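Q: Hey, can you walk me through this protein? I'd like to go one spot at a time.

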Amino acid sequence: MKKRIHINQHNIKHNAKNPEDLRPVVSVKTYKGNTLGDAVHMWGPSTLVYSPDKPLSCGAKVWIETEDLVTVNTGRENIDV
């Protein structure tokens with residue numbers, strides 16, 4: 001299953017203005033949904049994509065794609081995607 005990993009710049013801006021209300025900034029998207037966290041470990045090959053003319057639906061123009069296992073650290077637990 002393809003995973004797309006990118007950084008949510010809106011949450012980074014929110015965190016800078018609201019340090020008492022931190023939001024996760026790493027997003028791992030699949031066809032099943034979206035997993036948010038603070039860190040990601042990719043367990044296999046991946047590709048960094050820059051697509052300014054065809055961004056993701058969330059607006060991201062740069063992301064990482066992989067078919068291999070990804071572990072997302074949510075701050076409370078690690079989730080394998």
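**A chat about the model**

A: Sure, let's start with serine 46, which sits in the loop between strand E4 (39-42) and strand E5 (47-50). Keep in mind that this is a predicted model.

Q: OK, so is serine 46 buried or exposed, or something in between?
A: Serine 46 counts as partly exposed, because its relative accessibility is 39% and partly exposed covers the range between the 20% and 50% cut-offs.

Q: Which residues is serine 46 in contact with, if I skip its neighbours in sequence?
A: Leaving aside neighbours within four places in sequence, serine 46 is in contact with Ile64, Glu65 and Thr66.

Q: And how far apart are serine 46 and glutamate 67?
A: In sequence they're 21 residues apart, and in space it's 7.6 Å from C-alpha to C-alpha.

Q: New topic: where is histidine 14?
A: Histidine 14 is part of helix H1.

Q: Why does histidine 14 count as buried?
A: Its relative accessibility is 14%, and buried means under 20%, so histidine 14 makes the cut.

Q: What does histidine 14 touch?
A: Not counting residues up to four places away in sequence, histidine 14 touches Asp21 and Arg23. With aspartate 21, the side chain of histidine 14 reaches the backbone oxygen at 2.9 Å.

Q: How about histidine 14 and valine 25, how far apart are they?
A: They're eleven residues apart in sequence, and their C-alpha atoms are 9.9 Å apart in space.

Q: Speaking of valines, which residues make up the largest nonpolar core?
A: That core has seven residues: Ile5, Val25, Val26, Val28, Val70, Val72 and Val81. Strand E2 and strand E7 (70-73) each supply at least two residues of this core.

Q: Zoom in on valine 26: what is it in contact with?
A: Setting aside neighbours within four places in sequence, valine 26 is in contact with Ile5, His6, Ile7, Thr35, Leu36, Gly37, Asp38, Ala39 and Val40.

Q: Last thing, pockets. How much space lies in the largest pocket?
A: About 190 Å³. It's lined by 13 residues, and the closest to its centre are His6, Ile7, Asn8, Gln9 and Cys58.

Q: Which elements give two or more residues to the lining of the largest pocket?
A: Those are strand E1 (3-7), helix H1 (9-17), strand E2 (26-30) and strand E3 (33-37).

Q: And how do the lining residues of that pocket divide into nonpolar, polar and charged?
A: The lining has four nonpolar residues, seven polar ones and two charged ones.

Technical notes:
Residues numbered from 1 in each chain as written. Predicted model: local features only at pLDDT ≥ 70, side-chain atom pairs only at ≥ 80, totals over all residues. Heavy atoms only, no water. 1 Å grid on protein atoms, 1.4 Å probe; cavity = no way out; pocket = protein on both sides within 12 Å on 5 of 7 lines; lining within 4 Å. Points joined across faces, edges and corners; volume = space filled by probe spheres on them. Helix = DSSP H or I, 4+ residues; strand = E, 2+ residues; numbered from the N terminus. Nonpolar A, V, L, I, M, F, W, Y, C, P; charged D, E, K, R; others polar. Core = buried A, V, L, I, M, F, W, Y, C linked by side-chain atoms within 4.5 Å. Buried < 20%, exposed > 50% of the residue type's maximum accessible area, 1.4 Å probe, protein only. Contact = heavy atoms within 4.5 Å. Polar contact = N/O pair within 3.5 Å; in protein donor to acceptor, adjacent residues only side chain to side chain.
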